[in-house]
Amino acid sequence: MSEAYFEILRAGINSTLQDEGRFHQYHIGLPISGAIDKRNYLISNHLVGNKSNTASLEFAYQGPLLKLKSGRASVVITGDVIFNIIRKNSEIEEGVCYQTFSLNQDDQLDIISTNKSVYGYLSVQKGFKGEYFWGSCSIHTKSEVGSNKGKKFSINDKIFLNQSEINHNSKKIDYFNSKIEFIRILKGTNFDYFSDKSKKDFFSKEFTITKLTDRMGMRIKGPKIENIVDTNIKSEGLIKGVIQVPSDGDPIIMLSDHGTIGGYPKIGVVISADHDKLVQLTPGNTVKFKLVELSEAEKLFQLYNLETKTILDQIK
Amino acid sequence: MIKNISNLGDSAVYCDFGDKVTKEINSNVIKYFEGLKKNKILGITNITPSYNKLIISYDLEKIRFDQIKNKILEIKTEDINSDENKIIKIPVCTDEEFCLDTERLSKKLKLDIGKILNIFFNKKYFCYMTGFIAGMPFLGDIDKALRLKRLETPRVKVPKGSIGITEQFSNIYTYESPGGWNIIGNTPTKIFDKLNQDNPLKINPGDIVEFYEITKTEYLNWNE
(Lines give C-alpha, C1' and ligand atoms only; values in the text may rest on other atoms or scores of the structure.)
Protein backbone atom coordinates (compact mmCIF):
# COMPACT_ATOMS: atom_id res chain seq x y z
CA MET A 1 0.00 0.00 0.00
CA SER A 2 1.23 3.47 -0.78
CA GLU A 3 2.25 5.72 2.06
CA ALA A 4 -0.20 8.25 3.42
CA TYR A 5 0.87 11.84 3.06
CA PHE A 6 -0.33 15.41 3.08
CA GLU A 7 0.64 17.78 0.33
CA ILE A 8 0.98 21.40 1.33
CA LEU A 9 -1.17 23.68 -0.82
CA ARG A 10 -0.48 26.70 1.39
CA ALA A 11 2.35 26.63 3.90
CA GLY A 12 1.11 29.02 6.57
CA ILE A 13 3.42 31.32 8.47
CA ASN A 14 5.56 28.96 10.49
CA SER A 15 4.65 25.31 10.07
CA THR A 16 7.14 22.85 11.54
CA LEU A 17 7.25 19.31 12.91
CA GLN A 18 7.84 19.26 16.65
CA ASP A 19 8.11 16.61 19.34
CA GLU A 20 9.21 17.00 22.97
CA GLY A 21 12.55 18.37 21.87
CA ARG A 22 16.26 17.69 21.67
CA PHE A 23 18.07 17.39 25.00
CA HIS A 24 21.71 17.36 26.12
CA GLN A 25 22.98 19.50 23.20
CA TYR A 26 23.10 23.02 24.66
CA HIS A 27 26.88 22.72 24.90
CA ILE A 28 27.22 22.40 21.12
CA GLY A 29 24.80 25.26 20.49
CA LEU A 30 21.49 23.47 19.92
CA PRO A 31 18.47 24.57 21.96
CA ILE A 32 15.81 22.07 23.05
CA SER A 33 13.30 23.32 20.46
CA GLY A 34 10.23 21.04 20.61
CA ALA A 35 6.56 21.95 20.81
CA ILE A 36 6.41 25.47 22.25
CA ASP A 37 2.99 25.02 23.95
CA LYS A 38 3.61 21.70 25.59
CA ARG A 39 0.16 21.11 27.02
CA ASN A 40 -1.69 21.60 23.74
CA TYR A 41 0.87 19.41 22.01
CA LEU A 42 0.39 16.59 24.56
CA ILE A 43 -3.41 16.83 24.43
CA SER A 44 -3.40 16.53 20.65
CA ASN A 45 -1.26 13.41 20.70
CA HIS A 46 -3.24 11.75 23.46
CA LEU A 47 -6.54 12.41 21.64
CA VAL A 48 -5.38 10.33 18.66
CA GLY A 49 -3.92 7.66 20.96
CA ASN A 50 -0.25 8.52 20.51
CA LYS A 51 2.59 8.28 22.98
CA SER A 52 3.78 11.58 24.42
CA ASN A 53 6.89 12.09 22.29
CA THR A 54 5.22 11.77 18.86
CA ALA A 55 5.83 14.28 16.06
CA SER A 56 3.02 16.82 15.55
CA LEU A 57 2.64 19.66 13.09
CA GLU A 58 2.93 22.99 14.87
CA PHE A 59 1.67 26.12 13.16
CA ALA A 60 1.57 29.80 14.09
CA TYR A 61 -1.05 32.46 13.23
CA GLN A 62 -2.12 31.39 9.74
CA GLY A 63 -1.88 27.60 9.43
CA PRO A 64 -1.35 25.45 6.35
CA LEU A 65 -3.83 24.20 3.75
CA LEU A 66 -3.21 20.46 3.50
CA LYS A 67 -4.50 17.84 1.09
CA LEU A 68 -4.41 14.18 2.03
CA LYS A 69 -3.06 12.78 -1.24
CA SER A 70 -2.95 9.17 -0.23
CA GLY A 71 -4.25 6.97 2.60
CA ARG A 72 -6.64 7.74 5.44
CA ALA A 73 -5.96 9.65 8.61
CA SER A 74 -7.40 10.08 12.07
CA VAL A 75 -6.55 13.61 13.15
CA VAL A 76 -7.14 16.32 15.71
CA ILE A 77 -6.34 19.99 16.08
CA THR A 78 -5.67 21.65 19.44
CA GLY A 79 -5.22 25.23 20.48
CA ASP A 80 -7.67 28.04 19.78
CA VAL A 81 -7.85 27.42 16.04
CA ILE A 82 -10.30 28.24 13.26
CA PHE A 83 -10.28 25.59 10.54
CA ASN A 84 -12.39 23.86 7.92
CA ILE A 85 -12.46 20.33 6.57
CA ILE A 86 -13.05 20.41 2.82
CA ARG A 87 -14.27 17.01 1.71
CA LYS A 88 -13.45 15.49 -1.67
CA ASN A 89 -16.97 16.36 -2.90
CA SER A 90 -16.30 20.04 -1.96
CA GLU A 91 -18.53 19.94 1.09
CA ILE A 92 -17.16 22.13 3.83
CA GLU A 93 -17.36 21.18 7.49
CA GLU A 94 -16.48 23.64 10.19
CA GLY A 95 -13.68 22.24 12.33
CA VAL A 96 -13.91 21.78 16.08
CA CYS A 97 -10.75 21.76 18.19
CA TYR A 98 -10.09 18.97 20.71
CA GLN A 99 -12.31 16.59 18.75
CA THR A 100 -10.88 13.86 16.51
CA PHE A 101 -12.09 13.34 12.94
CA SER A 102 -11.07 11.20 10.01
CA LEU A 103 -9.84 12.26 6.61
CA ASN A 104 -10.04 10.27 3.41
CA GLN A 105 -7.92 10.54 0.33
CA ASP A 106 -8.30 13.95 -1.39
CA ASP A 107 -9.94 15.60 1.63
CA GLN A 108 -8.41 18.93 2.55
CA LEU A 109 -7.71 20.56 5.87
CA ASP A 110 -7.76 24.36 5.80
CA ILE A 111 -6.22 25.69 9.00
CA ILE A 112 -7.31 29.29 8.62
CA SER A 113 -5.82 30.87 11.71
CA THR A 114 -5.27 30.74 15.41
CA ASN A 115 -7.75 32.87 17.32
CA LYS A 116 -6.30 35.49 19.74
CA SER A 117 -3.36 33.14 20.24
CA VAL A 118 -0.25 32.13 18.33
CA TYR A 119 0.30 28.36 18.15
CA GLY A 120 -1.82 25.34 17.31
CA TYR A 121 -1.15 21.62 16.77
CA LEU A 122 -2.22 19.03 14.27
CA SER A 123 -1.66 15.46 15.37
CA VAL A 124 -2.36 12.29 13.42
CA GLN A 125 -2.76 8.74 14.69
CA LYS A 126 0.74 7.17 14.96
CA GLY A 127 2.34 10.51 14.15
CA PHE A 128 4.18 12.09 11.25
CA LYS A 129 7.33 10.61 9.84
CA GLY A 130 10.30 12.61 11.09
CA GLU A 131 14.05 12.65 10.55
CA TYR A 132 15.87 12.30 13.82
CA PHE A 133 18.89 14.26 14.99
CA TRP A 134 20.11 13.66 18.55
CA GLY A 135 16.92 11.82 19.39
CA SER A 136 14.43 14.40 18.14
CA CYS A 137 12.78 15.24 14.84
CA SER A 138 11.93 18.81 15.93
CA ILE A 139 12.74 21.34 13.24
CA HIS A 140 15.22 24.00 14.35
CA THR A 141 15.38 26.34 11.37
CA LYS A 142 18.32 28.39 12.66
CA SER A 143 20.75 25.45 12.53
CA GLU A 144 18.86 23.57 9.79
CA VAL A 145 18.53 20.54 12.06
CA GLY A 146 15.56 18.16 12.21
CA SER A 147 12.88 17.00 9.78
CA ASN A 148 12.34 18.57 6.34
CA LYS A 149 16.07 19.44 6.17
CA GLY A 150 15.57 21.67 9.19
CA LYS A 151 13.39 24.12 7.27
CA LYS A 152 9.84 25.24 7.90
CA PHE A 153 7.36 23.73 5.45
CA SER A 154 6.69 25.46 2.15
CA ILE A 155 4.20 24.99 -0.66
CA ASN A 156 4.26 21.60 -2.45
CA ASP A 157 6.18 19.93 0.38
CA LYS A 158 4.93 16.52 1.45
CA ILE A 159 4.46 15.42 5.04
CA PHE A 160 4.37 11.66 5.41
CA LEU A 161 2.35 9.81 8.05
CA ASN A 162 3.61 6.76 9.90
CA GLN A 163 0.58 4.70 8.93
CA SER A 164 -1.73 4.78 5.92
CA GLU A 165 -4.76 2.98 7.34
CA ILE A 166 -6.53 4.02 10.48
CA ASN A 167 -8.59 2.77 13.31
CA HIS A 168 -10.57 5.93 13.95
CA ASN A 169 -11.92 6.51 17.43
CA SER A 170 -14.11 9.51 18.05
CA LYS A 171 -12.69 11.31 21.01
CA LYS A 172 -13.10 14.76 22.38
CA ILE A 173 -12.47 16.76 25.49
CA ASP A 174 -13.67 20.12 26.68
CA TYR A 175 -10.67 22.33 27.09
CA PHE A 176 -10.54 26.07 27.39
CA ASN A 177 -7.32 27.99 26.74
CA SER A 178 -7.56 30.42 29.64
CA LYS A 179 -5.73 33.71 29.49
CA ILE A 180 -3.29 34.69 32.16
CA GLU A 181 -3.28 38.00 33.97
CA PHE A 182 0.25 37.86 35.32
CA ILE A 183 3.34 36.08 34.13
CA ARG A 184 5.22 34.94 37.18
CA ILE A 185 8.93 35.55 37.44
CA LEU A 186 11.89 34.52 39.55
CA LYS A 187 14.70 37.02 40.04
CA GLY A 188 17.43 36.68 37.44
CA THR A 189 21.11 36.25 38.25
CA ASN A 190 21.80 39.92 37.37
CA PHE A 191 18.73 41.38 39.07
CA ASP A 192 20.88 43.89 40.93
CA TYR A 193 22.33 45.30 37.70
CA PHE A 194 19.16 47.37 37.33
CA SER A 195 18.13 50.63 38.98
CA ASP A 196 15.63 50.57 41.84
CA LYS A 197 13.14 52.43 39.69
CA SER A 198 13.47 49.87 36.89
CA LYS A 199 13.12 46.94 39.28
CA LYS A 200 9.92 48.53 40.54
CA ASP A 201 8.69 49.33 37.02
CA PHE A 202 9.34 45.79 35.92
CA PHE A 203 6.87 44.40 38.45
CA SER A 204 4.27 47.15 38.30
CA LYS A 205 4.03 48.49 34.74
CA GLU A 206 2.58 46.85 31.64
CA PHE A 207 4.72 45.49 28.84
CA THR A 208 3.55 45.01 25.26
CA ILE A 209 4.48 42.03 23.12
CA THR A 210 6.11 43.34 19.92
CA LYS A 211 6.08 41.90 16.41
CA LEU A 212 9.73 40.89 16.84
CA THR A 213 8.62 37.67 18.43
CA ASP A 214 9.10 34.13 17.16
CA ARG A 215 10.10 30.68 18.42
CA MET A 216 13.54 32.04 19.39
CA GLY A 217 12.38 34.84 21.61
CA MET A 218 9.80 37.41 22.53
CA ARG A 219 10.69 41.10 22.49
CA ILE A 220 8.60 43.24 24.80
CA LYS A 221 8.35 46.99 25.25
CA GLY A 222 7.40 49.02 28.28
CA PRO A 223 9.27 51.44 30.50
CA LYS A 224 12.98 51.26 29.59
CA ILE A 225 14.85 49.03 32.00
CA GLU A 226 17.87 50.97 33.15
CA ASN A 227 21.13 49.15 33.79
CA ILE A 228 23.38 50.77 36.41
CA VAL A 229 26.25 48.25 36.40
CA ASP A 230 27.19 46.92 32.96
CA THR A 231 25.11 46.29 29.85
CA ASN A 232 27.23 43.26 28.94
CA ILE A 233 28.22 40.22 30.95
CA LYS A 234 30.61 37.46 29.93
CA SER A 235 28.53 35.20 27.69
CA GLU A 236 26.98 32.30 29.59
CA GLY A 237 24.29 29.65 29.27
CA LEU A 238 20.61 30.45 28.80
CA ILE A 239 17.39 28.54 29.34
CA LYS A 240 13.83 29.00 28.10
CA GLY A 241 12.13 31.77 30.05
CA VAL A 242 15.24 33.85 30.76
CA ILE A 243 14.59 37.58 30.36
CA GLN A 244 17.67 39.38 29.05
CA VAL A 245 17.90 43.15 28.88
CA PRO A 246 20.24 44.52 26.19
CA SER A 247 21.60 48.06 26.34
CA ASP A 248 18.49 49.53 24.66
CA GLY A 249 16.49 48.66 27.82
CA ASP A 250 13.83 46.54 26.06
CA PRO A 251 13.62 43.01 27.52
CA ILE A 252 13.83 39.83 25.42
CA ILE A 253 12.34 36.57 26.73
CA MET A 254 14.08 33.40 25.56
CA LEU A 255 11.72 30.84 24.00
CA SER A 256 12.14 27.27 22.70
CA ASP A 257 14.62 28.01 19.86
CA HIS A 258 16.78 30.47 21.84
CA GLY A 259 20.52 30.89 21.36
CA THR A 260 22.21 28.63 23.91
CA ILE A 261 24.43 31.35 25.36
CA GLY A 262 24.09 35.08 25.66
CA GLY A 263 25.85 38.10 27.05
CA TYR A 264 23.09 40.40 28.25
CA PRO A 265 22.20 40.76 31.93
CA LYS A 266 19.26 38.66 33.13
CA ILE A 267 16.62 40.52 35.10
CA GLY A 268 14.35 37.53 35.60
CA VAL A 269 13.23 34.07 34.52
CA VAL A 270 9.63 33.11 33.70
CA ILE A 271 8.50 30.19 35.88
CA SER A 272 8.01 26.87 34.06
CA ALA A 273 4.31 26.72 34.95
CA ASP A 274 3.65 29.85 32.85
CA HIS A 275 5.58 28.97 29.66
CA ASP A 276 2.60 27.58 27.73
CA LYS A 277 0.49 30.65 28.40
CA LEU A 278 3.32 33.09 27.74
CA VAL A 279 4.03 31.79 24.23
CA GLN A 280 0.39 32.17 23.22
CA LEU A 281 0.41 35.96 23.78
CA THR A 282 0.14 37.76 20.46
CA PRO A 283 1.93 40.96 19.42
CA GLY A 284 -0.01 43.92 20.82
CA ASN A 285 -1.09 41.99 23.93
CA THR A 286 0.05 43.49 27.19
CA VAL A 287 1.41 41.58 30.12
CA LYS A 288 2.34 42.26 33.73
CA PHE A 289 4.98 40.43 35.70
CA LYS A 290 4.73 39.19 39.26
CA LEU A 291 7.69 38.24 41.42
CA VAL A 292 7.57 34.85 43.15
CA GLU A 293 9.99 32.77 45.21
CA LEU A 294 11.56 29.51 44.07
CA SER A 295 9.50 27.29 46.42
CA GLU A 296 6.30 28.88 45.09
CA ALA A 297 7.43 28.38 41.48
CA GLU A 298 8.08 24.71 42.21
CA LYS A 299 4.62 24.29 43.73
CA LEU A 300 3.01 26.09 40.80
CA PHE A 301 4.76 23.72 38.44
CA GLN A 302 3.48 20.69 40.35
CA LEU A 303 0.01 22.14 40.08
CA TYR A 304 0.42 22.80 36.33
CA ASN A 305 1.70 19.27 35.86
CA LEU A 306 -1.14 17.75 37.83
CA GLU A 307 -3.65 19.73 35.75
CA THR A 308 -2.07 18.46 32.54
CA LYS A 309 -2.16 14.88 33.82
CA THR A 310 -5.81 15.24 34.83
CA ILE A 311 -6.70 16.47 31.35
CA LEU A 312 -4.78 13.64 29.70
CA ASP A 313 -6.39 11.08 32.02
CA GLN A 314 -9.84 12.20 30.85
CA ILE A 315 -8.92 10.94 27.39
CA LYS A 316 -9.53 7.23 27.43
CA MET B 1 36.34 25.81 42.65
CA ILE B 2 32.64 26.69 42.39
CA LYS B 3 32.52 30.09 44.07
CA ASN B 4 28.78 30.37 44.26
CA ILE B 5 25.84 28.17 43.41
CA SER B 6 22.32 29.52 42.89
CA ASN B 7 19.16 28.86 40.93
CA LEU B 8 18.52 30.19 37.44
CA GLY B 9 14.75 30.13 37.25
CA ASP B 10 13.03 27.05 38.66
CA SER B 11 14.74 24.45 36.49
CA ALA B 12 18.44 25.27 36.27
CA VAL B 13 21.44 25.51 38.58
CA TYR B 14 23.86 28.41 38.07
CA CYS B 15 27.44 27.62 39.07
CA ASP B 16 29.71 30.63 39.25
CA PHE B 17 33.47 30.04 38.99
CA GLY B 18 34.42 33.72 39.33
CA ASP B 19 34.37 36.86 37.24
CA LYS B 20 37.62 36.51 35.36
CA VAL B 21 38.09 34.70 32.06
CA THR B 22 41.24 32.62 32.21
CA LYS B 23 42.20 29.20 30.83
CA GLU B 24 42.55 27.89 34.39
CA ILE B 25 39.04 28.90 35.44
CA ASN B 26 37.66 27.66 32.12
CA SER B 27 39.36 24.27 32.50
CA ASN B 28 37.74 23.92 35.95
CA VAL B 29 34.38 24.57 34.32
CA ILE B 30 35.12 21.89 31.71
CA LYS B 31 36.19 19.41 34.43
CA TYR B 32 32.84 19.84 36.19
CA PHE B 33 31.09 19.46 32.84
CA GLU B 34 32.92 16.15 32.26
CA GLY B 35 32.31 15.04 35.85
CA LEU B 36 28.60 15.70 35.57
CA LYS B 37 28.38 13.80 32.28
CA LYS B 38 30.00 10.77 33.95
CA ASN B 39 27.83 10.89 37.08
CA LYS B 40 24.52 10.92 35.23
CA ILE B 41 22.40 12.66 37.86
CA LEU B 42 18.72 11.88 37.35
CA GLY B 43 16.73 14.65 35.71
CA ILE B 44 19.54 16.63 34.07
CA THR B 45 18.48 17.76 30.59
CA ASN B 46 21.42 19.98 29.61
CA ILE B 47 24.79 21.15 30.87
CA THR B 48 26.14 24.38 29.43
CA PRO B 49 29.75 25.31 30.15
CA SER B 50 30.88 28.84 29.32
CA TYR B 51 33.96 30.95 30.09
CA ASN B 52 33.50 30.93 33.86
CA LYS B 53 30.00 29.62 34.51
CA LEU B 54 28.27 26.26 34.29
CA ILE B 55 24.53 25.99 33.94
CA ILE B 56 22.79 22.69 34.63
CA SER B 57 19.21 22.45 33.43
CA TYR B 58 16.91 19.82 34.85
CA ASP B 59 13.45 18.38 34.47
CA LEU B 60 11.32 19.82 37.25
CA GLU B 61 9.10 16.74 37.08
CA LYS B 62 12.03 14.61 38.27
CA ILE B 63 14.10 16.74 40.66
CA ARG B 64 14.07 20.07 42.51
CA PHE B 65 16.77 22.67 43.08
CA ASP B 66 17.64 21.71 46.68
CA GLN B 67 18.07 18.04 45.75
CA ILE B 68 20.16 18.56 42.63
CA LYS B 69 22.31 21.27 44.20
CA ASN B 70 23.67 18.83 46.78
CA LYS B 71 24.40 16.21 44.14
CA ILE B 72 26.35 18.76 42.11
CA LEU B 73 28.39 19.79 45.13
CA GLU B 74 29.33 16.14 45.69
CA ILE B 75 30.96 15.84 42.25
CA LYS B 76 34.69 15.11 42.51
CA THR B 77 36.82 16.53 39.74
CA GLU B 78 40.35 15.72 40.96
CA ASP B 79 40.71 12.60 38.85
CA ILE B 80 39.30 14.06 35.65
CA ASN B 81 41.90 14.66 33.00
CA SER B 82 40.99 17.12 30.34
CA ASP B 83 41.67 15.81 26.86
CA GLU B 84 44.90 16.93 25.32
CA ASN B 85 44.55 20.09 23.26
CA LYS B 86 44.05 19.38 19.58
CA ILE B 87 45.38 21.88 17.07
CA ILE B 88 42.82 22.84 14.43
CA LYS B 89 43.85 24.87 11.37
CA ILE B 90 41.17 27.12 9.92
CA PRO B 91 41.54 28.74 6.46
CA VAL B 92 40.42 32.38 6.24
CA CYS B 93 39.95 34.63 3.22
CA THR B 94 40.37 38.32 3.96
CA ASP B 95 39.20 39.60 0.58
CA GLU B 96 37.44 42.98 0.81
CA GLU B 97 34.11 41.26 0.24
CA PHE B 98 34.43 39.44 3.58
CA CYS B 99 36.18 42.10 5.70
CA LEU B 100 33.07 43.93 6.78
CA ASP B 101 34.74 45.82 9.62
CA THR B 102 38.48 46.02 8.98
CA GLU B 103 38.30 49.63 7.82
CA ARG B 104 36.35 50.59 10.92
CA LEU B 105 38.85 48.70 13.06
CA SER B 106 41.72 50.41 11.27
CA LYS B 107 40.35 53.86 12.09
CA LYS B 108 39.39 53.06 15.67
CA LEU B 109 42.60 51.21 16.53
CA LYS B 110 44.81 53.55 14.45
CA LEU B 111 46.50 50.58 12.78
CA ASP B 112 46.64 49.85 9.06
CA ILE B 113 44.67 46.87 7.80
CA GLY B 114 47.76 44.82 6.93
CA LYS B 115 49.08 45.26 10.45
CA ILE B 116 45.72 44.25 12.01
CA LEU B 117 45.58 41.05 9.97
CA ASN B 118 49.22 40.33 10.71
CA ILE B 119 48.67 40.56 14.44
CA PHE B 120 45.51 38.44 14.17
CA PHE B 121 47.08 35.60 12.16
CA ASN B 122 50.24 35.50 14.29
CA LYS B 123 48.54 34.06 17.32
CA LYS B 124 47.08 30.75 18.44
CA TYR B 125 43.66 30.78 20.04
CA PHE B 126 42.16 28.68 22.82
CA CYS B 127 38.55 27.50 22.51
CA TYR B 128 36.73 28.38 25.75
CA MET B 129 33.26 27.22 24.75
CA THR B 130 30.88 26.55 21.89
CA GLY B 131 27.30 27.66 21.43
CA PHE B 132 24.90 30.52 20.86
CA ILE B 133 24.33 29.01 17.43
CA ALA B 134 25.27 25.42 16.58
CA GLY B 135 29.03 24.90 16.75
CA MET B 136 30.06 28.54 17.17
CA PRO B 137 33.46 28.55 18.93
CA PHE B 138 34.44 31.31 21.37
CA LEU B 139 38.20 31.72 21.05
CA GLY B 140 40.82 33.76 22.87
CA ASP B 141 42.73 35.69 23.60
CA ILE B 142 43.30 38.19 20.83
CA ASP B 143 46.21 40.61 21.09
CA LYS B 144 45.59 43.67 23.28
CA ALA B 145 46.17 45.95 20.28
CA LEU B 146 43.05 44.59 18.53
CA ARG B 147 40.55 44.74 21.37
CA LEU B 148 37.41 46.71 20.63
CA LYS B 149 33.78 46.62 21.69
CA ARG B 150 30.91 45.12 19.72
CA LEU B 151 29.16 47.18 17.05
CA GLU B 152 26.74 49.58 18.70
CA THR B 153 23.95 48.38 16.45
CA PRO B 154 24.36 44.67 15.78
CA ARG B 155 23.92 43.42 12.21
CA VAL B 156 20.64 41.67 11.50
CA LYS B 157 22.51 39.17 9.34
CA VAL B 158 26.15 38.23 9.65
CA PRO B 159 27.13 35.95 6.73
CA LYS B 160 27.83 32.29 7.43
CA GLY B 161 31.57 31.60 7.85
CA SER B 162 32.38 35.10 9.14
CA ILE B 163 35.33 35.46 11.51
CA GLY B 164 34.54 38.00 14.22
CA ILE B 165 36.54 39.70 16.95
CA THR B 166 35.44 41.67 19.98
CA GLU B 167 37.11 42.48 23.29
CA GLN B 168 39.55 39.63 24.04
CA PHE B 169 37.70 37.07 21.91
CA SER B 170 37.29 35.77 18.37
CA ASN B 171 34.49 33.61 16.96
CA ILE B 172 33.25 31.95 13.80
CA TYR B 173 29.65 32.39 12.62
CA THR B 174 28.75 28.80 11.77
CA TYR B 175 25.40 29.93 10.36
CA GLU B 176 24.00 33.21 9.12
CA SER B 177 22.93 34.94 12.29
CA PRO B 178 22.35 38.32 13.89
CA GLY B 179 25.51 39.55 15.59
CA GLY B 180 27.59 42.49 16.68
CA TRP B 181 31.19 41.27 16.40
CA ASN B 182 33.73 43.00 14.12
CA ILE B 183 34.07 40.88 10.99
CA ILE B 184 37.55 40.52 9.54
CA GLY B 185 37.30 37.54 7.16
CA ASN B 186 35.42 34.41 6.17
CA THR B 187 36.16 30.70 6.26
CA PRO B 188 34.87 28.24 3.65
CA THR B 189 35.35 25.27 5.98
CA LYS B 190 32.41 23.49 7.64
CA ILE B 191 32.55 23.95 11.42
CA PHE B 192 29.30 22.15 12.33
CA ASP B 193 28.31 18.85 10.70
CA LYS B 194 24.85 17.65 11.75
CA LEU B 195 25.34 14.37 9.88
CA ASN B 196 28.22 13.44 12.18
CA GLN B 197 26.11 13.18 15.31
CA ASP B 198 28.83 11.64 17.50
CA ASN B 199 31.29 14.39 16.74
CA PRO B 200 29.55 17.31 15.03
CA LEU B 201 32.05 20.02 15.97
CA LYS B 202 35.30 20.78 14.18
CA ILE B 203 36.43 22.88 17.16
CA ASN B 204 35.72 21.71 20.73
CA PRO B 205 36.32 23.49 24.04
CA GLY B 206 40.00 23.09 24.97
CA ASP B 207 41.19 22.95 21.33
CA ILE B 208 43.78 25.34 19.93
CA VAL B 209 42.91 27.14 16.71
CA GLU B 210 45.38 28.45 14.16
CA PHE B 211 43.97 30.68 11.45
CA TYR B 212 45.81 30.90 8.11
CA GLU B 213 45.15 33.07 5.09
CA ILE B 214 43.93 31.74 1.76
CA THR B 215 43.35 33.58 -1.52
CA LYS B 216 39.94 34.33 -2.99
CA THR B 217 40.53 31.66 -5.65
CA GLU B 218 41.34 29.07 -3.00
CA TYR B 219 38.24 30.17 -1.09
CA LEU B 220 35.97 29.83 -4.11
CA ASN B 221 37.38 26.41 -5.01
CA TRP B 222 37.31 25.10 -1.43
CA ASN B 223 36.18 21.52 -1.41
CA GLU B 224 35.83 19.18 1.54
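How many residue pairs are in polar contact across the interface of chain B and chain A? The rule finds 17 such pairs, both residues being at pLDDT 80 or more. A polar contact is a pair of N or O atoms within 3.5 Å; within protein, one must be able to donate a hydrogen and the other to accept it, and residues adjacent in sequence count only if both atoms are side-chain atoms.

This is a predicted model, in which local features need pLDDT of at least 70, side-chain atom pairs count only at pLDDT 80 or more, and totals for chains, interfaces and linings use all residues. Residues are numbered from 1 along each chain as its sequence is written, chains are lettered from A and ligands numbered from 1 in the order in which they are written, and side-chain values use heavy atoms, with hydrogens and water left out.

**Confidence**
- The model scores ipTM 0.95 and pTM 0.96.
- Chain B averages a pLDDT (the predictor's confidence in each residue, from 0 to 100) of 94, and 99% of the residues score at least 70.

**The interface**
- Contact (heavy atoms within 4.5 Å) joins 49 residues of chain B to 39 residues of chain A.
- About 3,800 Å² is buried between chain B and chain A, and carbon and sulfur atoms give 60% of this area; buried area is the accessible area (1.4 Å probe) that two parts lose on being put together, summed over both.
- One salt bridge (a side-chain nitrogen of Lys or Arg within 4 Å of a carboxyl oxygen of Asp or Glu) is counted between chain B and chain A.
- Lys309(A) forms a salt bridge with Glu61(B), and the closest N and O atoms are 3.4 Å apart.
- On the side of chain B that touches chain A, β3(B) gives the most, with six residues; strands (E, at least two residues) are DSSP runs, numbered from the N terminus.

**Nonpolar cores**
- The largest nonpolar core has 67 residues, and Leu109(A) and Phe128(A) have the most contacts inside it.
- Such a core is a set of buried Ala, Val, Leu, Ile, Met, Phe, Trp, Tyr and Cys residues joined through side-chain atoms within 4.5 Å.
- Another core, of 31 residues, lies apart from the largest one and includes Ala297(A), Ile5(B), Phe17(B) and Phe65(B).

**Two loop residues of chain A**
- Gln125(A) lies in the loop between β10 (119-124) and β11 (158-160).
- Gln125(A) counts as buried because its relative accessible area is 11%; buried means under 20%, exposed over 50%, and partly exposed in between (1.4 Å probe, protein chains only).
- Asp192(A) is exposed, at 55% relative accessibility.

Note on methods. Helices (H or I, at least four residues) and strands (E, at least two) are DSSP runs, numbered from the N terminus.
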